[in-house]
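Reader: Before we begin, please show me the sequence and the structure. I should then like to put some questions about them.

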Amino acid sequence: MRRAVRAGWVAGFAWVWLGGCTVGPAFHAPRADMPAAWHDVSAHGGGVALVARPDPLWWRMFRDPVLDALVARAMAGNPGFEENAARVVQAREQEAAQRAAGLPELGASARYTRERLGEAGLFSVLGGRAAARGSRRSWAGSAA
């Protein structure tokens, strides 16, 4: 019994849903009048009427002092193009620095030391009998 009810609901839903996709028998697609080919007026020497640039102070035509005050306040608090461009550059540099912090690091160092001992040697300075003469050289390096 439940299967029959469920099947009836599914069939009814499908009938309503698919019925919304059909159009009536009197439907005719609208016609769009299109030219046979595109004609570029400027390429054939025809002129195109140029519209003057809009007035940058267009809101003044309303003659509303409240609107003028609001626009003046907004313009005073709005940074200019150069400042916005500098902020974008700064944000990109900060992003690059943050990305670089997650990358592996590579470092290296090297050291070379040369010591020349005196004519009497190191042990004679310390009170010893044997004299070690010559030079001592050492080299150390590391990489990380």
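Reader: By how much of a helical turn are Glu-95 and Arg-99 separated in helix H3?

Author: The model discussed here is predicted. Glu-95 and Arg-99 form a salt bridge. Because the two are four residues apart in helix H3, their separation is about one helical turn.

Reader: How far apart are the closest N and O atoms of Glu-95 and Arg-99?

Author: A salt bridge requires a side-chain nitrogen of Lys or Arg within 4 Å of a carboxyl oxygen of Asp or Glu. Glu-95 and Arg-99 form such a bridge, and their closest N and O atoms are apart by 3.0 Å.

Reader: Is Arg-99 buried or exposed?

Author: Exposed means over 50% relative accessible area, and partly exposed residues lie between 20% and that value. Glu-95 has 40% relative accessibility, so Glu-95 counts as partly exposed. Arg-99 has 59% relative accessibility and therefore counts as exposed.

Reader: Which residue meets the side chain of Glu-83 in a salt bridge?

Author: The count for the protein comes to two salt bridges. Glu-83 lies in helix H3, and its partner is in helix H3 as well, four residues apart, about one turn of the helix. Glu-83 is partly exposed at a relative accessible area of 41%, and the partner is partly exposed at 47%. With 3.0 Å from N to O, the side chain that meets Glu-83 is that of Arg-87.

Reader: Which residue has a side-chain oxygen that reaches the backbone nitrogen of Val-66?

Author: Helix H2 covers residues 65–77, and the contact is found at the start of H2. The oxygen comes to within 3.2 Å of the backbone nitrogen of Val-66, and it belongs to the side chain of Asp-64.

Reader: What distance does helix H2 reach from its first C-alpha to its last?

Author: Helix H2 has 13 residues. At 1.5 Å a residue, a span of 18 Å is expected, and the helix is close to that value, reaching 18 Å.

Reader: How far apart in space are Leu-106 and Ala-143, C-alpha to C-alpha?

Author: Leu-106 is found in the loop between helix H3 and strand E1. Leu-106 has a relative accessible area of 82% and is therefore exposed. Leu-106 and Ala-143 are 37 residues apart in sequence, while in space their C-alpha atoms are apart by 7.6 Å.

Reader: In what order do the elements of the protein run from the N terminus on?

Author: The protein has four helices and two strands. Read from the N terminus on, the elements run α-α-α-β-α-β.

Reader: What percentage of the residues in the protein is buried?

Author: The accessible surface comes to about 14300 Å², and 62% of this belongs to carbon and sulfur atoms. Of the 144 residues in the protein, the buried ones make up 2%.

Terms used
Residues are numbered from 1 along each chain as its sequence is written. This is a predicted model: local features need pLDDT of at least 70, side-chain atom pairs count only at pLDDT 80 or more; totals for chains, interfaces and linings use all residues. Side-chain values use heavy atoms; hydrogens and water are left out. Buried means under 20% relative accessible area, exposed over 50%, partly exposed in between (1.4 Å probe, protein chains only). The expected span of a helix is 1.5 Å times one less than its number of residues. A polar contact is a pair of N or O atoms within 3.5 Å; within protein, one must be able to donate a hydrogen and the other to accept it, and residues adjacent in sequence count only if both atoms are side-chain atoms. Accessible areas come from the Shrake-Rupley method with a 1.4 Å probe; for residues, only the protein chains shown count as cover.
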